[in-house]
Amino acid sequence: AQKTYTLNNGVRIPAVGFGTFANEGVKGETYKAVIKALEVGYRHLDCAWYYQNEDEVGDALQDFLSKNPSVKREDIFLCTKVWNHLHEPEEVKWSLQNSLAKLRVDYIDLFLVHWPMAAEKDPNSPADNPMPKIGADGKYVIKKALTENPEPTWRAMESLVDAGLARSIGVSNWTIQGLKQLLQFARIKPTVNQVEIHPFLPNTELVDFCFKNQIIPSAYSPLGSQNQVPATGETLRENKALNAVAERSGHSLAQLLLAWGLRRGYVVLPKSSTPSRIESNLQIPDLRDEDFKAIEDVARGRHIRFVNMKDTFGYDVWAEEGNTFLS
Ligand code: A2P
(Lines give C-alpha, C1' and ligand atoms only; values in the text may rest on other atoms or scores of the structure.)
Protein backbone atom coordinates (compact mmCIF):
# COMPACT_ATOMS: atom_id res chain seq x y z
CA ALA A 1 0.00 0.00 0.00
CA GLN A 2 1.15 3.52 -0.72
CA LYS A 3 2.19 5.88 2.06
CA THR A 4 -0.50 8.37 3.10
CA TYR A 5 -0.70 11.25 5.56
CA THR A 6 -3.76 12.27 7.56
CA LEU A 7 -4.83 15.87 7.07
CA ASN A 8 -6.05 17.98 10.02
CA ASN A 9 -9.66 17.13 9.05
CA GLY A 10 -9.08 13.36 9.10
CA VAL A 11 -8.93 12.96 5.31
CA ARG A 12 -6.06 10.80 4.05
CA ILE A 13 -3.79 12.11 1.31
CA PRO A 14 -1.44 9.86 -0.71
CA ALA A 15 2.13 11.03 -0.08
CA VAL A 16 3.03 10.93 -3.76
CA GLY A 17 0.91 12.86 -6.22
CA PHE A 18 1.24 13.09 -9.98
CA GLY A 19 1.79 16.62 -11.27
CA THR A 20 -0.24 17.40 -14.38
CA PHE A 21 1.54 20.58 -15.49
CA ALA A 22 4.14 18.71 -17.51
CA ASN A 23 3.11 18.97 -21.09
CA GLU A 24 3.79 22.57 -22.11
CA GLY A 25 0.39 22.89 -23.65
CA VAL A 26 0.72 20.05 -26.14
CA LYS A 27 -2.80 18.70 -26.65
CA GLY A 28 -3.13 15.04 -25.68
CA GLU A 29 0.06 14.86 -23.62
CA THR A 30 -1.73 15.24 -20.31
CA TYR A 31 -4.24 12.54 -21.24
CA LYS A 32 -1.46 10.06 -22.03
CA ALA A 33 0.55 10.91 -18.94
CA VAL A 34 -2.41 10.65 -16.58
CA ILE A 35 -3.50 7.28 -18.03
CA LYS A 36 0.03 5.98 -17.51
CA ALA A 37 0.19 7.42 -14.00
CA LEU A 38 -3.08 5.76 -12.98
CA GLU A 39 -2.04 2.47 -14.59
CA VAL A 40 1.22 2.31 -12.66
CA GLY A 41 -0.55 3.13 -9.40
CA TYR A 42 -0.62 6.87 -8.67
CA ARG A 43 -3.77 7.63 -6.69
CA HIS A 44 -3.29 11.38 -6.25
CA LEU A 45 -3.49 13.84 -9.15
CA ASP A 46 -2.44 17.45 -8.78
CA CYS A 47 -4.37 19.72 -11.15
CA ALA A 48 -5.15 23.42 -11.52
CA TRP A 49 -7.58 25.62 -13.38
CA TYR A 50 -4.54 27.53 -14.64
CA TYR A 51 -3.07 24.50 -16.40
CA GLN A 52 -5.97 24.58 -18.90
CA ASN A 53 -5.85 20.80 -19.26
CA GLU A 54 -8.37 19.58 -16.68
CA ASP A 55 -10.55 18.29 -19.52
CA GLU A 56 -7.77 15.88 -20.46
CA VAL A 57 -7.30 14.80 -16.85
CA GLY A 58 -11.05 14.22 -16.63
CA ASP A 59 -11.13 12.15 -19.81
CA ALA A 60 -8.18 10.07 -18.65
CA LEU A 61 -9.76 9.49 -15.25
CA GLN A 62 -13.09 8.41 -16.76
CA ASP A 63 -11.43 6.10 -19.30
CA PHE A 64 -9.23 4.56 -16.61
CA LEU A 65 -12.12 4.03 -14.20
CA SER A 66 -14.36 2.45 -16.83
CA LYS A 67 -11.57 0.05 -17.85
CA ASN A 68 -10.74 -0.77 -14.21
CA PRO A 69 -14.03 -1.32 -12.38
CA SER A 70 -12.19 -2.35 -9.21
CA VAL A 71 -10.91 1.21 -8.84
CA LYS A 72 -13.52 3.77 -7.77
CA ARG A 73 -13.61 7.55 -7.89
CA GLU A 74 -13.18 7.54 -4.08
CA ASP A 75 -9.87 5.72 -4.47
CA ILE A 76 -8.35 8.67 -6.32
CA PHE A 77 -7.33 11.83 -4.47
CA LEU A 78 -7.95 14.83 -6.74
CA CYS A 79 -6.57 18.29 -6.08
CA THR A 80 -7.23 21.45 -8.07
CA LYS A 81 -6.69 25.18 -7.53
CA VAL A 82 -8.31 28.55 -8.15
CA TRP A 83 -6.30 31.10 -10.16
CA ASN A 84 -5.59 34.70 -9.10
CA HIS A 85 -8.30 36.41 -11.15
CA LEU A 86 -11.05 34.30 -9.60
CA HIS A 87 -10.66 35.23 -5.92
CA GLU A 88 -14.00 37.04 -5.51
CA PRO A 89 -16.31 34.75 -3.51
CA GLU A 90 -18.75 34.00 -6.33
CA GLU A 91 -15.83 33.39 -8.71
CA VAL A 92 -14.17 30.94 -6.32
CA LYS A 93 -17.31 28.86 -6.50
CA TRP A 94 -17.52 29.24 -10.28
CA SER A 95 -13.89 28.14 -10.60
CA LEU A 96 -14.42 24.94 -8.65
CA GLN A 97 -17.63 24.13 -10.50
CA ASN A 98 -15.85 24.71 -13.80
CA SER A 99 -12.97 22.45 -12.73
CA LEU A 100 -15.39 19.75 -11.52
CA ALA A 101 -17.19 19.80 -14.88
CA LYS A 102 -13.92 19.41 -16.78
CA LEU A 103 -12.61 16.76 -14.41
CA ARG A 104 -15.98 14.99 -14.74
CA VAL A 105 -16.42 14.50 -10.99
CA ASP A 106 -18.92 15.85 -8.46
CA TYR A 107 -16.50 16.72 -5.66
CA ILE A 108 -12.82 17.53 -5.25
CA ASP A 109 -10.65 16.06 -2.51
CA LEU A 110 -8.58 19.19 -2.10
CA PHE A 111 -9.17 22.72 -3.38
CA LEU A 112 -6.33 25.24 -3.07
CA VAL A 113 -5.94 28.99 -3.45
CA HIS A 114 -3.15 28.85 -6.04
CA TRP A 115 -1.35 32.11 -5.04
CA PRO A 116 -1.81 34.66 -2.25
CA MET A 117 -2.48 37.40 -4.77
CA ALA A 118 -5.82 38.53 -6.19
CA ALA A 119 -5.99 39.97 -9.70
CA GLU A 120 -8.58 41.57 -11.98
CA LYS A 121 -10.47 39.57 -14.58
CA ASP A 122 -10.26 40.62 -18.25
CA PRO A 123 -13.81 41.82 -19.00
CA ASN A 124 -13.27 41.07 -22.71
CA SER A 125 -12.39 37.41 -22.23
CA PRO A 126 -15.02 34.71 -22.75
CA ALA A 127 -17.39 34.14 -19.82
CA ASP A 128 -16.83 30.39 -20.00
CA ASN A 129 -13.04 30.74 -19.90
CA PRO A 130 -12.24 34.10 -18.31
CA MET A 131 -8.65 35.30 -18.36
CA PRO A 132 -6.69 37.60 -16.05
CA LYS A 133 -6.56 41.23 -17.11
CA ILE A 134 -3.14 42.34 -18.32
CA GLY A 135 -2.30 45.96 -17.53
CA ALA A 136 -0.43 48.55 -19.60
CA ASP A 137 2.83 47.34 -18.02
CA GLY A 138 2.18 43.83 -19.31
CA LYS A 139 1.49 42.47 -15.84
CA TYR A 140 -1.55 41.33 -13.91
CA VAL A 141 -3.70 44.07 -12.38
CA ILE A 142 -3.59 43.46 -8.65
CA LYS A 143 -6.72 43.62 -6.47
CA LYS A 144 -5.06 45.23 -3.51
CA ALA A 145 -7.80 44.93 -0.90
CA LEU A 146 -8.49 41.26 -1.59
CA THR A 147 -4.76 40.51 -1.69
CA GLU A 148 -4.13 42.23 1.62
CA ASN A 149 -7.19 40.66 3.23
CA PRO A 150 -8.04 37.27 1.71
CA GLU A 151 -10.81 36.60 4.22
CA PRO A 152 -13.67 36.88 1.66
CA THR A 153 -11.86 34.41 -0.60
CA TRP A 154 -11.30 32.00 2.27
CA ARG A 155 -14.94 32.27 3.40
CA ALA A 156 -15.92 31.17 -0.11
CA MET A 157 -13.49 28.25 0.14
CA GLU A 158 -15.09 27.25 3.45
CA SER A 159 -18.58 27.36 1.99
CA LEU A 160 -17.47 24.87 -0.68
CA VAL A 161 -16.63 22.42 2.09
CA ASP A 162 -20.03 23.10 3.70
CA ALA A 163 -21.69 22.43 0.34
CA GLY A 164 -19.87 19.12 -0.07
CA LEU A 165 -18.09 20.23 -3.23
CA ALA A 166 -14.63 20.12 -1.61
CA ARG A 167 -13.60 17.61 1.05
CA SER A 168 -10.61 19.70 2.09
CA ILE A 169 -9.28 23.17 1.37
CA GLY A 170 -5.82 24.66 1.47
CA VAL A 171 -3.39 27.06 -0.09
CA SER A 172 -0.39 27.13 -2.39
CA ASN A 173 2.61 29.44 -2.47
CA TRP A 174 1.74 30.97 0.90
CA THR A 175 4.38 32.46 3.16
CA ILE A 176 4.59 32.12 6.93
CA GLN A 177 3.19 35.62 7.28
CA GLY A 178 0.23 34.84 5.01
CA LEU A 179 -0.49 31.60 6.86
CA LYS A 180 -0.46 33.40 10.21
CA GLN A 181 -3.04 35.86 8.91
CA LEU A 182 -5.19 33.07 7.47
CA LEU A 183 -5.07 31.01 10.66
CA GLN A 184 -6.40 33.97 12.62
CA PHE A 185 -9.73 34.04 10.86
CA ALA A 186 -10.12 30.57 9.37
CA ARG A 187 -13.18 28.68 10.58
CA ILE A 188 -12.00 25.72 8.51
CA LYS A 189 -8.20 25.49 8.74
CA PRO A 190 -6.08 25.06 5.62
CA THR A 191 -4.98 21.42 5.36
CA VAL A 192 -2.12 21.85 2.87
CA ASN A 193 0.34 24.47 1.66
CA GLN A 194 1.76 23.50 -1.72
CA VAL A 195 5.12 25.17 -2.40
CA GLU A 196 8.36 24.66 -4.30
CA ILE A 197 10.67 22.37 -2.30
CA HIS A 198 13.87 20.56 -3.32
CA PRO A 199 17.46 20.54 -2.02
CA PHE A 200 18.24 23.94 -3.58
CA LEU A 201 15.11 25.35 -1.86
CA PRO A 202 14.59 23.23 1.27
CA ASN A 203 12.23 25.83 2.73
CA THR A 204 12.90 24.44 6.19
CA GLU A 205 11.43 27.33 8.14
CA LEU A 206 8.18 27.30 6.17
CA VAL A 207 7.97 23.50 6.35
CA ASP A 208 8.46 23.58 10.14
CA PHE A 209 5.86 26.33 10.52
CA CYS A 210 3.37 24.25 8.53
CA PHE A 211 3.94 21.13 10.65
CA LYS A 212 3.57 23.13 13.87
CA ASN A 213 0.21 24.32 12.62
CA GLN A 214 -1.09 20.95 11.37
CA ILE A 215 -0.68 21.97 7.74
CA ILE A 216 0.91 19.36 5.47
CA PRO A 217 3.41 20.86 3.03
CA SER A 218 3.22 19.57 -0.52
CA ALA A 219 6.32 19.89 -2.70
CA TYR A 220 6.05 21.03 -6.29
CA SER A 221 9.12 20.76 -8.51
CA PRO A 222 10.52 18.19 -6.05
CA LEU A 223 13.12 17.23 -8.65
CA GLY A 224 14.14 20.86 -9.02
CA SER A 225 14.69 20.14 -12.66
CA GLN A 226 14.86 23.70 -13.90
CA ASN A 227 16.61 24.98 -10.84
CA GLN A 228 20.16 26.21 -10.94
CA VAL A 229 22.64 28.20 -8.91
CA PRO A 230 22.67 31.62 -10.56
CA ALA A 231 26.37 32.23 -9.95
CA THR A 232 27.65 29.01 -11.49
CA GLY A 233 24.75 27.80 -13.60
CA GLU A 234 25.01 24.37 -11.96
CA THR A 235 21.62 22.69 -12.04
CA LEU A 236 20.34 20.58 -9.19
CA ARG A 237 20.54 17.58 -11.50
CA GLU A 238 24.24 18.26 -12.09
CA ASN A 239 25.13 18.65 -8.43
CA LYS A 240 28.06 16.32 -7.73
CA ALA A 241 27.25 15.56 -4.11
CA LEU A 242 23.68 14.57 -4.95
CA ASN A 243 24.80 12.40 -7.85
CA ALA A 244 27.36 10.70 -5.63
CA VAL A 245 24.60 9.73 -3.19
CA ALA A 246 22.52 8.38 -6.07
CA GLU A 247 25.42 6.35 -7.42
CA ARG A 248 26.31 4.68 -4.15
CA SER A 249 22.67 3.96 -3.30
CA GLY A 250 21.84 2.30 -6.59
CA HIS A 251 18.75 4.49 -7.07
CA SER A 252 18.12 7.28 -9.53
CA LEU A 253 18.66 10.85 -8.39
CA ALA A 254 14.93 11.48 -8.87
CA GLN A 255 14.05 8.58 -6.56
CA LEU A 256 16.44 9.90 -3.91
CA LEU A 257 15.05 13.43 -4.10
CA LEU A 258 11.52 12.09 -3.68
CA ALA A 259 12.64 9.83 -0.81
CA TRP A 260 14.20 12.87 0.88
CA GLY A 261 10.85 14.67 0.71
CA LEU A 262 8.94 11.71 2.14
CA ARG A 263 11.46 11.34 4.96
CA ARG A 264 10.98 15.03 5.78
CA GLY A 265 7.30 14.19 6.07
CA TYR A 266 5.51 15.99 3.27
CA VAL A 267 3.75 15.23 -0.01
CA VAL A 268 5.86 15.14 -3.19
CA LEU A 269 4.44 15.91 -6.63
CA PRO A 270 6.75 14.60 -9.36
CA LYS A 271 5.69 15.25 -12.92
CA SER A 272 6.85 13.64 -16.11
CA SER A 273 5.55 12.85 -19.55
CA THR A 274 8.06 10.01 -20.02
CA PRO A 275 6.34 6.66 -19.30
CA SER A 276 9.41 4.99 -17.75
CA ARG A 277 9.98 7.96 -15.44
CA ILE A 278 6.31 8.19 -14.49
CA GLU A 279 6.70 4.61 -13.30
CA SER A 280 10.11 4.83 -11.59
CA ASN A 281 9.16 8.04 -9.77
CA LEU A 282 6.56 6.05 -7.84
CA GLN A 283 9.11 3.46 -6.73
CA ILE A 284 10.63 5.40 -3.90
CA PRO A 285 13.14 3.72 -1.60
CA ASP A 286 13.51 4.35 2.14
CA LEU A 287 16.53 6.61 2.57
CA ARG A 288 19.46 5.34 4.59
CA ASP A 289 20.48 7.74 7.37
CA GLU A 290 23.80 8.55 5.70
CA ASP A 291 22.10 9.34 2.40
CA PHE A 292 19.51 11.52 4.09
CA LYS A 293 22.29 13.38 5.89
CA ALA A 294 24.25 13.87 2.67
CA ILE A 295 21.22 15.45 0.96
CA GLU A 296 20.55 17.61 4.02
CA ASP A 297 24.15 18.82 3.80
CA VAL A 298 23.63 19.95 0.21
CA ALA A 299 20.35 21.64 1.11
CA ARG A 300 21.51 23.51 4.21
CA GLY A 301 21.66 27.27 3.71
CA ARG A 302 20.30 27.21 0.18
CA HIS A 303 17.28 29.21 -0.85
CA ILE A 304 17.23 29.34 -4.62
CA ARG A 305 13.79 29.66 -6.08
CA PHE A 306 12.87 28.59 -9.58
CA VAL A 307 9.19 29.57 -9.66
CA ASN A 308 8.73 33.24 -8.91
CA MET A 309 5.82 34.74 -10.80
CA LYS A 310 6.71 38.33 -9.96
CA ASP A 311 7.38 39.30 -13.59
CA THR A 312 3.96 37.97 -14.58
CA PHE A 313 2.07 39.22 -11.52
CA GLY A 314 3.86 42.53 -11.01
CA TYR A 315 3.87 41.54 -7.34
CA ASP A 316 6.52 39.63 -5.41
CA VAL A 317 4.77 37.09 -3.22
CA TRP A 318 8.13 36.08 -1.72
CA ALA A 319 9.42 39.57 -0.94
CA GLU A 320 9.37 38.95 2.82
CA GLU A 321 11.75 36.01 2.47
CA GLY A 322 14.59 38.14 1.16
CA ASN A 323 17.06 37.35 -1.57
CA THR A 324 18.22 34.13 -3.10
CA PHE A 325 20.81 32.49 -0.85
CA LEU A 326 23.51 31.00 -3.00
CA SER A 327 26.04 28.95 -1.05
P1 A2P B 1 10.11 14.45 -18.65
O2 A2P B 1 8.68 14.85 -18.75
O3 A2P B 1 10.81 14.52 -19.96
O4 A2P B 1 10.28 13.13 -17.95
P5 A2P B 1 10.13 19.29 -11.65
O6 A2P B 1 8.68 19.08 -11.37
O7 A2P B 1 10.98 19.03 -10.47
O8 A2P B 1 10.43 20.63 -12.26
O9 A2P B 1 10.53 18.22 -12.71
C10 A2P B 1 9.79 18.02 -13.87
C11 A2P B 1 10.72 17.66 -14.98
O12 A2P B 1 11.60 16.63 -14.56
C13 A2P B 1 10.01 17.19 -16.19
O14 A2P B 1 10.39 18.03 -17.22
C15 A2P B 1 10.49 15.76 -16.41
O16 A2P B 1 10.84 15.57 -17.76
C17 A2P B 1 11.70 15.63 -15.57
N18 A2P B 1 11.74 14.33 -14.89
C19 A2P B 1 10.72 13.73 -14.28
N20 A2P B 1 11.11 12.56 -13.74
C21 A2P B 1 12.41 12.42 -14.00
C22 A2P B 1 13.38 11.42 -13.74
N23 A2P B 1 13.05 10.34 -13.05
N24 A2P B 1 14.63 11.62 -14.20
C25 A2P B 1 14.96 12.71 -14.88
N26 A2P B 1 14.08 13.69 -15.17
C27 A2P B 1 12.83 13.56 -14.75
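Is E158 buried or exposed in this predicted model? With a relative accessible area of 1%, E158 is buried, and the first close-up starts there.

**View 1. E158 on helix α5, with a hold on the backbone of I188.**
This one zooms in on helix α5, which runs over residues 151-162 and carries E158. Because its relative accessible area is just 1%, under the 20% cut-off, E158 falls in the buried class. Look for a polar atom of the E158 side chain: 2.8 Å away from it sits the backbone nitrogen of I188. Once neighbours within four places in sequence are set aside, the contacts of E158 are I169, A186, R187 and I188. So what does the side chain of E158 meet at 2.8 Å? A backbone atom, namely the nitrogen of I188.

**View 2. The largest pocket and what lines it.**
Here we pull back to the largest pocket, whose volume is about 1,000 Å³. Its lining takes in 42 residues, and those nearest the centre are F21, S221, S225, Q226 and K271. Elements that give two or more residues to this lining are β8 (192-196), α9 (253-264) and α10 (275-280). Which element hands over the largest share of the lining? That would be α9, with three residues. If you care about the chemistry of the wall, the lining of the largest pocket splits into 17 nonpolar, 19 polar and six charged residues.

**View 3. The ligand and its polar partners.**
Now for the ligand itself, which has 13 residues around it. The ones that come nearest are S225, S272, S273, T274 and R277. Three polar distances are worth picking out on screen. One oxygen atom of the ligand lies 2.7 Å from an N or O atom in the R277 side chain. At L223 the partner is a polar backbone atom, 3.0 Å from an oxygen atom of the ligand. For R237, an N or O atom of the side chain is 3.4 Å from a nitrogen atom of the ligand. S225 turns up in two of these views: it is among the residues nearest the centre of the largest pocket, and among those that come nearest the ligand.

**View 4. Q194 on strand β8, paired with D46.**
Strand β8 holds Q194. How far is Q194 from being exposed? Its relative accessible area is 3%, so it counts as buried. The side chains of Q194 and D46 are joined by a polar contact of 3.0 Å. Beyond its neighbours within four places in sequence, Q194 touches quite a list: D46, K81, L112, V171, S172, N173, S218, Y220 and L269.

**View 5. The second largest cavity, with Q194 and D46 in its wall.**
Staying with that pair, this view shows the second largest cavity, about 30 Å³ in volume. How many cavities of 30 Å³ or more are there? The count comes to two. The second largest cavity is lined by I13, H44, D46, C79, L110, L112, V192, Q194, S218 and L269. At least two of these lining residues come from each of β4 (44-46), β6 (108-113) and β8. By type, the lining is six nonpolar, three polar and one charged.

**View 6. R73, tied to I76 and D109.**
R73 sits in the loop that links α2 (54-67) to β5 (77-82). Its relative accessibility is 13%, so R73 counts as buried. Two polar partners stand out in this view. The R73 side chain reaches the backbone oxygen of I76 at 2.8 Å, and a 3.0 Å polar contact joins it to the side chain of D109. Apart from neighbours within four places in sequence, R73 is in contact with L65, L78, V105, Y107, I108 and D109. For a sense of scale, Q62 is 11 residues away from R73 in sequence, with 8.9 Å between the two C-alpha atoms.

**View 7. Two residues with positive phi, N203 and Q214.**
The last view is for backbone fans. N203 is not a glycine, yet its phi is positive, at about 55 degrees. You'll find N203 in the loop between β8 and α7 (204-212). Q214, also not a glycine, has a positive phi near 55 degrees, and lies in the loop between α7 and β9 (216-220). Their surroundings set them apart: N203 is buried, with a relative accessible area of 5%, whereas Q214 counts as exposed at 53% relative accessibility.

How values were computed
Residues numbered from 1 in each chain as written. Predicted model: local features only at pLDDT ≥ 70, side-chain atom pairs only at ≥ 80, totals over all residues. Heavy atoms only, no water. Helix = DSSP H or I, 4+ residues; strand = E, 2+ residues; numbered from the N terminus. Buried < 20%, exposed > 50% of the residue type's maximum accessible area, 1.4 Å probe, protein only. Polar contact = N/O pair within 3.5 Å; in protein donor to acceptor, adjacent residues only side chain to side chain. Contact = heavy atoms within 4.5 Å. 1 Å grid on protein atoms, 1.4 Å probe; cavity = no way out; pocket = protein on both sides within 12 Å on 5 of 7 lines; lining within 4 Å. Points joined across faces, edges and corners; volume = space filled by probe spheres on them. Nonpolar A, V, L, I, M, F, W, Y, C, P; charged D, E, K, R; others polar. Near = heavy atom within 4 Å.
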